[in-house]
Amino acid sequence: MAEKIRCSAIIWASMVVILFAPPFVVSDDRIPVPPNKAQVASWFNANVKPLAQRKDIDPPLVTAEKFKKVIKVMKDGKGHFKTITDAIKSIPAGNTKRVIIHIGGGVYNEKIKIERTKPFITFYGSPNNMPNLTFGGTAFHHGTVDSATLIVEPDYFVAANIIFSVSISS
Ligand SMILES: *[C@@H]1O[C@H](CO)[C@@H](O)[C@H](O)[C@H]1NC(C)=O
């Protein structure tokens with residue numbers, strides 16, 4: 001009798017485990033982002049799961065996303081910095097946190113370089129008032145590769161709602 005009770009308890013326990021096991025979901029980072037902008041939202045919902053459900057994420061990235069920091073760049077001086085260059089300068093080498101740089105609207109005439117020692121930086125603009133990061137760098141003055149308006153050396157850089165442009169002067 002005791003044996004029978006223990007046995008059914010085990011069966012019940014395993015049923016409970018099965019019932020409450022979370023659905024097994026895996027994100028697939030191998031499916032490329034569709035070029036058609038209208039399909040991006042459904043691609044995102046199908047392929048990018050919340051952090052807690054994702055597997056095999058680089059531990060330093062998990063830590064970085066846990067300890068976020070936001071700094072603001074506003075041309076009118078109402079943010080922490082007026083230039084993106086100064087905001088990047090304020091981030092220490094060996095940075096381990098996600099640093100979200102909120103960039104207000106307007107044209108930023110800056111040649112920006114993020115050094116290899118500063119990973120986990122995000123440039124974030126408003127979709128209704130996107131900042132325009134522009135520079136007239138030429139191969140003559142900077143060399144072809146270094147003439148870019150933005151050079152990003154470290155891993156885990158993200159940009160959203162930002163216009164990157166080249167201003168050509170004749
Ligand atoms: C960004 O600024 C540059 C320089 O003023 C300008 O040539 C370019 O048209 C602007 N781009 C957009 C999309 O506003």
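**Sheets, loops and ligand shell of the predicted model**

In this predicted model, T149 is buried, with a relative accessible area of 7%; buried denotes a relative accessible area under 20%, exposed over 50% and partly exposed in between, computed with a 1.4 Å probe and protein chains only. T149 belongs to the loop that connects α5 (139-142) with β7 (150-152). The side chain of T149 reaches the backbone oxygen of S165 at 2.7 Å. A polar contact is here a pair of N or O atoms within 3.5 Å; within protein, one atom must be able to donate a hydrogen and the other to accept it, and residues adjacent in sequence count only if both atoms are side-chain atoms.

Residues are numbered from 1 along each chain as its sequence is written, and side-chain values use heavy atoms, with hydrogens and water left out. Because the model is predicted, local features need pLDDT of at least 70 and side-chain atom pairs count only at pLDDT 80 or more, whereas totals for chains, interfaces and linings use all residues.

The protein chain contains five helices and nine strands. These elements are DSSP runs numbered from the N terminus, helices being H or I runs of at least four residues and strands E runs of at least two. From the N terminus on, the order of elements is α-α-α-β-α-β-β-β-β-β-α-β-β-β. Of the 170 residues in the protein chain, 25% are buried.

An open sheet of four strands has the order β1-β2-β5-β8, with parallel pairing; two strands are taken to pair if DSSP finds at least two bridges between them. Its edge strands are β1 (69-73) and β8 (158-160), each of which pairs on one side only. From one strand to the next, the twist averages 15°, where axes are lines fitted to C-alpha atoms, for helices over the stretch in contact, and angles run from 0 to 180 degrees between N-to-C directions. Strand β2 (residues 99-103) runs parallel to β1 and is joined to β1 by five bridges. Within this pair, I71 stands opposite I101 in β2.

Three strands form an open sheet in the order β3-β6-β9, and the pairing is parallel. β3 (106-109) and β9 occupy the edges with a single partner strand each, so one side of each is left without a neighbour in the sheet. Neighbouring strands of this sheet are turned by 25° against each other on average, direction ignored. Four bridges connect β3 and β6 in the parallel sense. G106 has P131 of β6 as its bridge partner, and V107 has N132 of β6. β6 and β9 likewise pair in the parallel sense, over four bridges, and F135 is found opposite V166 in β9. In a regular strand the side chains alternate between the two faces of the sheet.

The ligand is surrounded by N132, T134, I163, S165 and S167, a residue being near a molecule if one of its heavy atoms lies within 4 Å of it. On its own, the ligand has 360 Å² of accessible area, of which the protein covers 41%; accessible areas come from the Shrake-Rupley method with a 1.4 Å probe, and for residues only the protein chains shown count as cover. β6 (131-135) and β9 (163-166) each supply at least two residues of this shell. By class, the shell comprises one nonpolar, four polar and no charged residues. Ala, Val, Leu, Ile, Met, Phe, Trp, Tyr, Cys and Pro count as nonpolar, Asp, Glu, Lys and Arg as charged, and the others, Gly among them, as polar. A polar side-chain atom of N132 lies 2.4 Å from an oxygen atom of the ligand. N132 is also the bridge partner of V107, and S165, another residue around the ligand, provides the backbone oxygen reached by the side chain of T149.

Further loop residues were examined for backbone conformation and exposure. F120, in the loop between β4 (112-114) and β5 (121-125), has phi near 65°, a positive value in a residue other than glycine. F120 is buried, with a relative accessible area of 6%. N161, in the loop between β8 and β9, has phi near 60°, again a positive value in a residue other than glycine. At 25% relative accessibility, N161 is partly exposed. A52 lies in the loop between α2 (40-47) and α3 (59-66) and is exposed at 81% relative accessibility. The C-alpha atoms of A52 and V62 are 9.6 Å apart in space, the two residues being ten apart in sequence.
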